[in-house]
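Please open the model in your viewer and keep the sequence panel beside it, since each stop on this tour begins with a selection.

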Amino acid sequence: MPGLARRRIVAGMASARLTRDELLARLDALGIAHRTYSHPPVFTVAEAVALRGTLPGGHCKSLFLKDKKSGLWLVVALEERPIDLKRLSAALGAPRFSFANAELLYETLGVRPGSVTPFALVNDAAQRVTIVLDRAMLDHDPLNYHPLENDRTTAIAPADLLRFIAACGHPLRIVDLDALGP
């Protein structure tokens, strides 16, 4: 994306928290194909599994973490993958991880628990959050995430997820979680 166009998109993201419809319009503006499915609100991976039926693609979980030195991290991985926070923090060279609270989540990403998603990076105009993606997740097409609210699931291609994150201006780390061991 040309530098000037990219700056305009990022600058436009600095406003108030986006609604789901504004997020989907932003995806359209970026030329990112997407498909959104409605369902009852889900708050856990188990609830999502029970409700999604045959929805194709990679189904993911997103963990909003805070490190010991107040760094903020969004870790996105395949939903079935166990994540050892101690090993992950060591692999990333980060101080010890803990789960961030709901107030910090809303303040930073503009979403509530149960709605954590890489799409929420659009609300982090200060770019406080470092995003970490599970490398294996990127082998699935499409990838499924909540579009800022947990009563919908939006499917996009892995390359488009990377384009979206780049347009948000966030630092990105792709990690081979398989290499961390069980």
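Begin by selecting cysteine 60, which in this predicted model has a relative accessible area of 16%. Because the cut-off for a buried residue is under 20%, cysteine 60 counts as buried. Add cysteine 168 to the selection, and you will find a residue that is buried as well, with a relative accessible area of 3%. If you then look for sulfur bridges, the structure holds zero disulfides.

Next, colour the chain by secondary structure. The protein chain has six helices and eight strands, and from the N terminus on they follow the order α-α-β-α-β-β-α-β-α-β-β-β-α-β. Of the 182 residues in the protein chain, 47% are buried, and among contacts with a separation of 6 or more, 68% are between residues 24 or more positions apart.

Now move to the interior. Which residues touch the most other members of the largest nonpolar core? Select Phe64, Met137 and Phe164, which hold that place in a core of 37 residues. Two or more residues of this core come from each of α2 (20-29), β2 (58-67), β3 (72-78), α5 (102-109), β5 (129-134), β6 (143-145) and α6 (158-168), and the largest share, five residues, is given by α6. In soluble globular proteins, nonpolar side chains tend to be buried together.

Centre the view on phenylalanine 64 and display its surroundings. Leaving aside residues up to four places away in sequence, phenylalanine 64 touches Leu72, Trp73, Leu74, Phe99, Ala100, Leu104, Leu105, Thr108, Leu109, Val116 and Val129. Apart from the core that holds Phe64 there is another, of 14 residues, and to find it you can select Val75, Leu88, Leu92 and Leu177, which are among its members.

From there, turn to strand β7, residues 152-156. Four of its five residues are buried, so strand β7 is largely enclosed by the rest of the structure. Strand β1, residues 35-38, pairs with β7 in the antiparallel sense over four bridges, and if you select serine 38 you can follow it to its bridge partner in β7, arginine 152. β6 also runs antiparallel to β7, joined to it by three bridges, and here leucine 143 stands opposite isoleucine 156 of β7. Tracing the chain from β6 to β7 takes you round a hairpin with six residues between the two strands, where leucine 148 in the turn has a positive phi of about 80 degrees.

Select α2 next, and look down its axis. Its buried residues are Arg20, Leu23, Leu24, Arg26 and Leu27; they fall within an arc of 155 degrees, so they line one face of the helix. Which exposed residues does the face turned away from the buried side of α2 carry? They are Asp21, Asp28 and Ala29. After α2 comes glycine 31, with a positive phi near 75 degrees.

Finish by colouring the model by confidence. The mean pLDDT of the protein chain is 88, with 88% of its residues at 70 or more. Residues 1-15 deserve a separate selection: pLDDT stays under 50 over this stretch, for which the model has 20 contacts beyond four places in sequence. Where pLDDT is low, the predicted coordinates should not be read in detail.

Key
Residues numbered from 1 in each chain as written. Heavy atoms only, no water. Core = buried A, V, L, I, M, F, W, Y, C linked by side-chain atoms within 4.5 Å. Buried < 20%, exposed > 50% of the residue type's maximum accessible area, 1.4 Å probe, protein only. Contact = heavy atoms within 4.5 Å. Disulfide = S-S within 2.5 Å. Pairing = 2+ DSSP bridges. Arc of directions from axis to C-beta. pLDDT = per-residue confidence, 0-100.
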